[in-house]
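This report walks through a few local features of one structure, taking its strands, a helix and a loop in turn. The sequence and the structure come first.

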Amino acid sequence: MEPMRPVAVRCLVLALLCLQLGEGMVRIPLRKGRSMREVMREKGVPEAFLKNLKGDPGRRYQLINAVAYELHNYLDSFYFGEISIGTPPQNFLVLFDTGSSNLWVPSTYCQTPGCTNHARFKSSLSSTFSDISVTYTLSYGFSDMSVEFGYDTIQNIVITNQEFGLSLDEPSRLFYYLDFDGILGMAYPGVGISGYDTLMLNMLQQNQLTEPTFSFYYSRNATYSYGREVILGGVDNQLYSRELLWAPVVQKLHWKIGIEEFSIGLSATGWCGQDCHGIVDTGTFLLTIPGFMSAFLQALGVEESEYGYVVSCSNVPNMPTLYFAISGAQLSLPPSVYVLNNNSICTVGVESTYVSSASSQPLWILGNIFLRQYYSTFDITNNRVGFALSA
């Protein structure tokens, strides 16, 4: 018998990794990447440059005549997984991002260092690729990125004629340092480029989903090779304890839910006196606080330093638990979850935003810090997000 060629072996491994839970249900393993800050420090990028990278993570939710991303959101750690596009498959590491809606990957059309440092899609090698010859601009705040749209098969998710963007240029200033190649958006279609279906919508239309849901499970002790998984088409009740708590979506653009109160320890802050909104965003790592950062840090007894909001690692067990009142229940974040330990330097995993919700309510971003504590499931048909304590 002829031995398997390396390409065939790689395709088999990828197929095994994307385990089918049943017809119309796929789970894709996730890895935890290094933060862009870590990579840039390793490459000798001056600290002065890093300090100037601060932005407002809430800017990505301001829809003003453009599909906007805020690359500042990717400066910290993140979770990504592998997808395969085309026939034969070409493999890419993508961020599964509930804060955006489009799928894009680098392409051989792009020759900037931000592209050539990553896997690039070569359309001429895929027998199932169709070119739309339409270009769009994605705004990243400090710079723009152009993509040309095409159609192709996503092999490991088993979906045909999926629209996706092929980058024509990428700003090298920061893209060069990303551990992942592209982004797979999982927000509502209204966030993305008009006229193109999201991957989840296409899966529904092609009857590829057992249930109109997808879910995330993040390991609290994630590594580059083990971050846990995203499940398309259902949930795995072995990955969480207790019942799912459902929160209705208040605006069908991002996965935005209501937050009734926020407490530090046993003390309600009153910051959500007329309700707050929170966006459940897998494309943001930290917990983002709307305009109350000074009071929050004071309540925790924390001051900012060049490494962030540093605390004594030995004092972490004595810090208060944070509570979010959502759908009438108290969802807790203990200090062991919201404090990050990086080489014995402990920092509070928060950042601030001054962007309010469209209805002027304070806007929180419930990023990966929150989602490491809670298994999350996104119900497309019933427009709701479910949370349960991760197993």
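In this predicted model, four strands form an open sheet whose order is E19-E20-E24-E23, with antiparallel pairing. Strand E19 (303-305) and strand E23 (339-342) stand at the edges with a single partner strand each, so one side of each is left without a neighbour in the sheet. From one strand to the next, the twist averages 50°. For E19, the pairing with strand E20 (residues 308-311) is antiparallel and runs over three bridges, and within it glutamate 303 has valine 310 of E20 as its bridge partner.

Ahead of E19 in the numbering, helix H7 spans residues 293-300, and its buried residues are Met293, Phe296, Leu297 and Leu300. These residues lie on the same side of H7, because they cover an arc of only 95° around the axis. Ser294 and Gln298, by contrast, are exposed on the other side of H7. Just after the helix, glycine 301 takes a positive phi of about 70°.

In a regular strand, the side chains alternate between the two faces of the sheet. Strand E15 (residues 261-264) is covered on both faces, with Glu261 and Ser263 buried on one side and Phe262 and Ile264 buried on the other. E15 is joined to two strands, E21 and E16, and serine 263 has a bridge partner in each, as the table sets out.

| Strand paired with E15 | Bridges and sense | Bridge partner of serine 263 |
|---|---|---|
| E21 (residues 322-326) | four bridges, antiparallel | tyrosine 323 |
| E16 (residues 267-268) | two bridges, antiparallel | alanine 268 |

E15 and E16 form a hairpin that has two residues between the strands, and in its turn glycine 265 has a positive phi of about 65°.

A further site lies in a loop: serine 123 is found between helix H4 (113-116) and strand E7 (130-139). Is serine 123 buried or exposed? Its relative accessibility is 13%, and because buried means under 20%, serine 123 counts as buried. The side chain of serine 123 makes a polar contact, at 3.0 Å, with the side chain of tyrosine 109. When residues up to four places away in sequence are not counted, serine 123 touches Tyr109, Phe129 and Leu166, so that tyrosine 109 appears both as a touching residue and as the polar partner of serine 123.

Terms used
Residues numbered from 1 in each chain as written. Predicted model: local features only at pLDDT ≥ 70, side-chain atom pairs only at ≥ 80, totals over all residues. Heavy atoms only, no water. Buried < 20%, exposed > 50% of the residue type's maximum accessible area, 1.4 Å probe, protein only. Pairing = 2+ DSSP bridges. Axes fitted to C-alpha atoms, helices over the stretch in contact; angles between N-to-C directions. Arc of directions from axis to C-beta. Polar contact = N/O pair within 3.5 Å; in protein donor to acceptor, adjacent residues only side chain to side chain. Contact = heavy atoms within 4.5 Å.
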